[in-house]
2 protein chains.
Amino acid sequence: MDRSPVPDIVIGRLPIYLRALKRLLSEGIEVTSSRELGRWLGISSAQIRKDLSHFGEFGKQGTGYHIGKLCGELEQILNVNREWPVALVGVGDLGRALAHYGGFSHRGFRIAQLFDNDPAKIGQKINELEIMPVNKMGNSIEEARIRVAMIATPADAAQEVADALVKAGIRAILNYAPIALIVPGDIRVQYIDPVIHLQRMTYYLEK
Amino acid sequence: MDRSPVPDIVIGRLPIYLRALKRLLSEGIEVTSSRELGRWLGISSAQIRKDLSHFGEFGKQGTGYHIGKLCGELEQILNVNREWPVALVGVGDLGRALAHYGGFSHRGFRIAQLFDNDPAKIGQKINELEIMPVNKMGNSIEEARIRVAMIATPADAAQEVADALVKAGIRAILNYAPIALIVPGDIRVQYIDPVIHLQRMTYYLEK
DNA sequence: TAGATTGTTAATCGATTAACAATC
DNA sequence: TAGATTGTTAATCGATTAACAATC
């Protein structure tokens with residue numbers, strides 16, 4: 001185990017390990033090895049062991065890893081052994097789909113507040129959760145001490161929304177708008193844009 | 001310019017450059033420099049120049065890059081100077097949102113076929129496009145010679161769907177199901193799972 | 001011309017892998 | 001015990017950056 005700051009690229013793999021391990025657990029498998037896990041994920045066993053070694057010793061020579069235990073460790077490392085309330089801004093088709101998505105709750109997140117600036121949507125409810133106007137966003141997020149947000153607005157609005165979110169105390173933003181956000185250095189941002197992924201693949205396809 | 005195979009990590013940045021450049025274009029800006037582009041994206045200017053140098057010389061000393069020209073070059077490199085028909089499997093909330101999304105067409109993609117296995121959905125139309133049963137998927141994709149697909153099914157179904165897609169001739173899969181797919185080595189796969197991104201950020205947040 | 005910026009080289013930095021002693 | 005697999009070290013591999021001649 002080493003004490004230097006853990007590279008972000010390692011942090012980025014931990015959720016993938018966690019997801020795979022939980023799947024194995026749900027299939028009733030209780031023990032695995034770096035070799036087996038690596039084969040599932042297309043990652044070398046050495047890399048998995050090295051990644052984990054940044055945080056401690058979780059395995060047993062000759063046997064491998066107890067999956068339940070390792071899941072617990074990873075959840076603790078990633079800070080998802082708790083439930084993070086999330087603010088969702090933009091309740092169009094995509095925002096709606098996210099609000100309905102059942103996959104957050106078992107993995108550390110709960111959509112806690114919805115915002116949109118379309119008067120026709122404000123006041124509507126999704127799963128008991130009322131859509132609130134964007135101009136109330138700052139206060140509402142601050143009051144609830146929410147630190148994680150998702151942006152699902154059109155690209156035009158995204159930077160403005162991000163600015164307001166940061167001002168309201170948001171520290172981590174998952175941005176679905178197809179635009180690079182400019183935020184202070186201590187704010188984490190992740191991007192989801194399906195076209196980026198598609199274009200990355202078509203490079204390799206024959207015309 | 002160098003002739004060795006271009007690293008995938010470089011390919012992964014090209015769509016991001018393209019997206020930013022198109023945005024600048026839409027704002028009426030016609031010329032930019034690696035320095036300016038880098039500042040927008042939080043990437044070093046040297047990296048941008050190095051990345052582009054794998055494919056040719058697109059800039060002019062003292063001036064920078066003509067954005068319109070560079071966009072054209074990048075679209076050609078990425079093979080998106082054409083329209084790829086895409087098959088979408090799984091028309092739940094997320095699939096619906098994707099089917100409605102207007103952002104594909106200007107960036108090289110068009111959702112061309114929809115599949116689901118819910119009898120209640122089959123035959124329904126989204127934007128003139130009929131939802132077809134999954135058991136017709138193989139033939140339909142093969143006949144239309146579609147090579148790109150998106151999976152938006154529950155996790156349980158994703159591997160089975162992926163197997164069928166590969167059999168039908170699909171070469172690139174964008175997988176929204178929260179599960180690692182096992183596919184032959186020559187099939188490209190990209191993943192979108194919001195929770196993975198969220199967990200990658202909560203590591204850095206204070207409890 | 002003077003100023004700016006490219007494309008490229010070489011140096012630096014960081015990440016991955018191979019190998020193996022330790023040990024379950 | 002014999003076989004398996006860990007955690008870690010050192011070597012390798014690859015990506016990023018700094019620097020600068022070329023030149024618009």
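Helices (H or I, at least four residues) and strands (E, at least two) are DSSP runs, numbered from the N terminus. The structure is a predicted model, in which local features need pLDDT of at least 70 and side-chain atom pairs count only at pLDDT 80 or more, while totals for chains, interfaces and linings use all residues. Residues are numbered from 1 along each chain as its sequence is written, chains are lettered from A and ligands numbered from 1 in the order in which they are written, and side-chain values use heavy atoms, with hydrogens and water left out.

**Exercise 1. Place B:T32 in its chain and describe its surroundings.**

Solution.
Step 1. Find the element: B:T32 belongs to strand β1 (residues 31-32) of chain B.
Step 2. Judge the accessibility. Buried means under 20% relative accessible area, exposed over 50%, and partly exposed in between (1.4 Å probe, protein chains only). B:T32 has a relative accessibility of 3%, so B:T32 counts as buried.
Step 3. List the contacts, where contact means heavy atoms within 4.5 Å. With neighbours within four places in sequence left aside, B:T32 is in contact with B:L21, B:L24, B:L37, B:T63, B:G64, B:Y65 and B:I67.
Step 4. Look for a polar contact (a pair of N or O atoms within 3.5 Å; within protein, one must be able to donate a hydrogen and the other to accept it, and residues adjacent in sequence count only if both atoms are side-chain atoms). The side chains of B:T32 and B:E36 make one, at 2.4 Å.

**Exercise 2. Describe chain A as a whole, then A:G64 within it.**

Solution.
Step 1. Count the elements: chain A has 8 helices and 10 strands.
Step 2. Take the dimensions: the C-alpha trace of chain A spans about 60 × 50 × 35 Å along its principal axes.
Step 3. Take the buried share: 50% of the 207 residues of chain A count as buried.
Step 4. Turn to A:G64, which is found in strand β3 of chain A. Its relative accessibility is 13%, so A:G64 counts as buried.
Step 5. List what A:G64 touches: not counting residues up to four places away in sequence, these are A:T32, A:S33 and A:G59.
Step 6. Compare sequence and space: A:G64 and A:V161 are 97 residues apart in sequence, and their C-alpha atoms are 46 Å apart.

**Exercise 3. Which residues and elements form the surface near DNA strand D?**

Solution.
Step 1. Apply the cut-off: a residue is near a molecule or strand if one of its heavy atoms lies within 4 Å of it. There are 26 residues around DNA strand D, and A:M1, A:S34, A:R49, A:G59 and A:Y65 come nearest. Of the atoms of DNA strand D that come within 4 Å of the protein, 67% belong to sugar and phosphate.
Step 2. Name the elements that each supply at least two residues: α3 (45-53), β2 (59-60) and β3 (64-66) of chain A, and α1 (8-26) and α3 (45-53) of chain B. α3(B) gives the most, with 4 residues.
Step 3. Sort by class. Ala, Val, Leu, Ile, Met, Phe, Trp, Tyr, Cys and Pro count as nonpolar, Asp, Glu, Lys and Arg as charged, and the others, Gly among them, as polar. The surface has 6 nonpolar, 12 polar and 8 charged residues.
Step 4. Read off atom pairs.
- A polar backbone atom of A:F58 is 2.9 Å from a phosphate oxygen of DNA strand D.
- A polar backbone atom of A:G62 is 3.0 Å from a sugar or linking oxygen of the strand.
- An N or O atom in the side chain of B:S44 is 3.0 Å from a phosphate oxygen of the strand.

**Exercise 4. How many salt bridges are found over all chains, and where do A:K22 and B:D116 fit in?**

Solution.
Step 1. Apply the cut-off: a salt bridge is a side-chain nitrogen of Lys or Arg within 4 Å of a carboxyl oxygen of Asp or Glu. The whole structure has 20 of them over all chains.
Step 2. Take A:K22, whose side chain forms a salt bridge with that of A:E75 (3.3 Å, N to O). A:K22 lies in helix α1 (residues 8-26) and A:E75 in helix α4 (residues 67-77) of chain A, so the pair ties together parts that are 53 residues apart in sequence. A:K22 is partly exposed, at 26% relative accessibility.
Step 3. Take B:D116, which pairs with B:K121 in a salt bridge (3.8 Å, N to O). B:D116 is buried at 7% relative accessible area, and B:K121 is buried at 19%.

**Exercise 5. How are chains A and B related?**

Solution.
Step 1. Superpose the copies by least squares on the C-alpha atoms of residues with pLDDT of at least 70 in both. A turn of 180° and a shift of 0.0 Å along the axis lay chain A on chain B with an RMSD of 0.0 Å.
Step 2. Conclude: the two copies are therefore related as by a two-fold rotation axis.
Step 3. Check the contact residues: 100% of those of chain A recur in chain B, and the same surface serves both copies.
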